[in-house]
Amino acid sequence: MARFEAVTSVDGLRAAVALSGECDLSAREECTAALMTAVDTSPQVVVDLGGLTFLDSSGVHSLVTAFRAAQDRGGRLSVVGAAGMVAHVLEITGVGGLLSPDGDGDGARDG
């Protein structure tokens, strides 16, 4: 498995971006590029974090940057599937609530 991978699929007006591996400083440019391409392509972007094993401030920055870009275009970016350490990082930074699909902070974590 690659250290970091971003796979995007588009279905109509919705783009899904699945992130896997470690999202850190070395992956920041690739992560940001994948997220921004999705935001430029679709008004609704869902980012699946289920495959991430590590997320640091660089990855959080990429998510927030893409979220803001989506908002500026009248769209929405949300995250799903975060677990373990990744969910914890989103929780302690407050980003999990910002990026949850329902806006109440619960969408960044499954179950």
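A residue is taken as buried when its relative accessible area is under 20%, and as exposed when that area is over 50%. By this criterion, in the predicted model, helix α3, which spans residues 84-93, has V86, A87, V89 and L90 buried. These four residues cover an arc of only 155 degrees around the axis, and they therefore lie on the same side of α3. An α-helix has 3.6 residues a turn, so residues three or four places apart point the same way. On the other side of α3, G84 and I92 are exposed. The cover over the buried residues of α3 includes strand β3 (44-55), helix α2 (57-72), strand β4 (76-80) and helix α4 (95-99). Just after α3, G94 adopts a positive phi of about 85 degrees.

Two of the elements that cover α3 were examined through single residues. G51 is located in strand β3. The relative accessibility of G51 is 31%, a value between the limits of 20% and 50%, and G51 is therefore classed as partly exposed. From G51 to V86, a buried residue of α3, the C-alpha to C-alpha distance is 9.9 Å, with the two positions 35 residues apart in sequence numbering. V95 belongs to helix α4. With a relative accessibility of 8%, V95 falls under the 20% limit and so counts as buried. When residues up to four places away in sequence are not counted, V95 touches V60, V64 and L90. Of these contact partners, L90 is one of the buried residues of α3. The C-alpha atom of V95 is 9.8 Å from that of V79, and the two residues are 16 residues apart along the chain.

Helix α2 also packs against helix α1 (residues 28-41), and the two axes come within 9 Å and cross at roughly 20 degrees. Angles under 35 degrees count as roughly parallel, and α1 and α2 are therefore roughly parallel to each other. The crossing in which α1 passes α2 is right-handed. On the α1 side, the contact is made by R28, C31, T32, L35, M36 and V39, and on the α2 side by S58, S62, L63, T65, A66, A69 and A70. By residue type, the contact of α1 with α2 consists of eight nonpolar residues, four polar residues and one charged residue.

Within this contact, S62 was considered individually. S62 is situated in helix α2, and its relative accessibility of 0% is the reason why S62 counts as buried. With neighbours within four places in sequence left aside, the contacts of S62 are with R28, C31, T32 and L35. These four partners are among the α1 residues that make the contact with α2.

Strand β2 (residues 14-23) contains A16. Its relative accessible area is 28%, so A16 is partly exposed. Excluding residues up to four places away in sequence, A16 touches V7, T8, S9 and V46. The last of these partners, V46, falls within the range of β3 (44-55). The C-alpha atoms of A16 and E30 are separated by 16 Å, and the two residues are 14 residues apart along the chain.

Key
Residues numbered from 1 in each chain as written. Predicted model: local features only at pLDDT ≥ 70, side-chain atom pairs only at ≥ 80, totals over all residues. Heavy atoms only, no water. Buried < 20%, exposed > 50% of the residue type's maximum accessible area, 1.4 Å probe, protein only. Helix = DSSP H or I, 4+ residues; strand = E, 2+ residues; numbered from the N terminus. Arc of directions from axis to C-beta. Contact = heavy atoms within 4.5 Å. Axes fitted to C-alpha atoms, helices over the stretch in contact; angles between N-to-C directions. Parallel < 35°, antiparallel > 145°, perpendicular 65-115°, else oblique. Left-handed = near helix turned anticlockwise from the far one by under 90°. Nonpolar A, V, L, I, M, F, W, Y, C, P; charged D, E, K, R; others polar.
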